[in-house]
Amino acid sequence: MVTVPAPFVSALVLAALLLAGCGSPAVPPATSGAAPEATSAGPPAGDPRPGNDQPGNTQSGDSSQGTPGTTPSESATDTASGTAPGSTAAATPTTSALPPSSGWKTFTTSDGTLSFDYPAAWEIRDPAGEAPLGGEFVDVVNAAGKQMAALRTNIVTGAECGDQQPYLLIDSQPMQALAEPGAADQSPPRYVFEARGDFSAAEASPPTYASYGITMMPEETGPTSCPMFQLFLWPPSGALFGQAYDPGKNTTPGDPGLPYLEKAKLYATTAEYQDVRKMITSLRPSGNGAATGSVTEPAK
């Protein structure tokens, strides 16, 4: 497995977010002084929305009436919401009245190495063989056809940390199941919902953006941070599972005129977000190694 040194914090998570089908909002370019390199299972440059318009196989199965027994707790380990700009202090958000989904299925990647649970009303788009450099290329869309997250493997990125930006941690949870064997000196992967940039900006635009996904970087302790690195080690190189927060895709309550990052914090209180979070934090090695690309009901 490729080791990414800790100082090599990716301005290229931006490219990764594009691979995750973020489309809008725009993500910022690499910071000054960064020399990113990337290979990926994603689409060619200039196609920022993989999975939204491309043909692919739709996986389906019977819905389960129970929640997956393998899914981590839905409560956040560390949550920062409603805090002052640049703050990482924890404060538990108030969740919306609507409950998260109760029926769930399990998807296993076509190479048989990874599995995750997702709401039965959502859909997996798995266009096997379309990734130009190999690897997994999976999109998850909700019942309205809006993309909630994307899984990409065979991604290699590296860029030095450039200009730091105001930082906000909205939500965080360790994901020990994805920790690299024998890498006790490294931080285990974490699920994060985090933000960078101008907290008064009306819309996402460089350098203001928020994203949820999996990172292997240690938790930030100050009010500013390097660009996002929402990637984790996975053979033969790296992978991502998440996407940029977009009010056009992610159903958000409150005043539509609120600043973009205020909307991101409000999104963390919704049932849809709880489903997204539960899905991403359920990602785990499948253990069988057999090619499947299949959907099953999770264990009750």
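**Strands, rings and cores in a predicted model**

Visitor: In which sense do strand 10 (residues 190-196) and strand 11 pair, and over how many bridges?
Guide: This is a predicted model. One facing pair in these strands is R196, which stands opposite Y209 in strand 11. Strand 10 and strand 11 pair in the antiparallel sense, and the number of bridges is seven.

Visitor: Which residue in strand 14 stands opposite Y212?
Guide: Strand 11 is also joined to strand 14, by two bridges, and these two strands run antiparallel. Opposite Y212, in strand 14, stands Q243.

Visitor: How many residues of strand 11 (residues 209-215) are buried?
Guide: Y209, S211, G213 and T215 point one way from the strand, and all are buried. A210, Y212 and I214 point the other way and are buried too. Strand 11 is therefore largely enclosed by the rest of the structure, the buried count being seven of the seven.

Visitor: Is the pair of rings of Y245 and Y267 stacked, edge-to-face or tilted?
Guide: A search of the whole structure finds 10 aromatic pairs. In the pair Y245 and Y267, the ring centres are 5.5 Å apart and the planes are at 35°. Planes under 30 degrees apart would count as stacked and over 60 as edge-to-face. The angle lies in neither range, so the pair is tilted.

Visitor: How many residues apart are Y245 and Y267?
Guide: Both residues are buried. Y245 lies in the loop between strand 14 (237-244) and helix 2 (260-267), whereas Y267 is in helix 2. The pair links distant parts of the chain, and the separation is 22 residues.

Visitor: Over which ring does the charged end of R152 sit?
Guide: The charged end of R152 lies 4.0 Å from the centre of the ring in question. That ring belongs to F137.

Visitor: Is the disulfide of C161 and C226 left-handed or right-handed?
Guide: The structure has one disulfide. It joins C161 to C226, with an S to S distance of 1.8 Å. The torsion about the S-S bond is about -105°, so the disulfide is left-handed.

Visitor: Which of C161 and C226 is buried?
Guide: C161 is in the loop between strand 8 (147-158) and strand 9 (165-174), and C226 is in the loop between strand 12 (224-225) and strand 13 (232-234). C161 has a relative accessible area of 28%, so C161 is partly exposed. A value under 20% counts as buried. At 12%, the buried residue is C226.

Visitor: How many residues of helix 3 (residues 271-281) are buried?
Guide: The buried residues of helix 3 include charged-type names such as E272, D275, R277 and K278. M279 and I280 are also among them. Helix 3 is mostly covered, with a buried count of 11 of its 11 residues.

Visitor: How many residues are in the largest nonpolar core?
Guide: F116, F193, F241, M279, I280 and L283 touch the most other members of this core. M279 touches F116 and F241, among others. A second, separate core of seven residues includes F229, L231, L233 and L240. The residue count of the largest core is 39.

Visitor: What distance separates the C-alpha atoms of F107 and L283?
Guide: F107 has its place in strand 4 (residues 104-108). F107 is buried, with a relative accessible area of 0%. F107 and L283 are 176 residues apart along the chain, and their C-alpha atoms are separated by 9.6 Å.

Key:
Residues numbered from 1 in each chain as written. Predicted model: local features only at pLDDT ≥ 70, side-chain atom pairs only at ≥ 80, totals over all residues. Heavy atoms only, no water. Phe/Tyr/Trp six-rings, centres within 6.5 Å; stacked < 30°, edge-to-face > 60°. Helix = DSSP H or I, 4+ residues; strand = E, 2+ residues; numbered from the N terminus. Buried < 20%, exposed > 50% of the residue type's maximum accessible area, 1.4 Å probe, protein only. Lys NZ or Arg CZ within 6 Å of the ring centre and 35° of its normal. Disulfide = S-S within 2.5 Å. Pairing = 2+ DSSP bridges. Core = buried A, V, L, I, M, F, W, Y, C linked by side-chain atoms within 4.5 Å. Contact = heavy atoms within 4.5 Å. Lists of a residue's contacts leave out its neighbours within four places in sequence.
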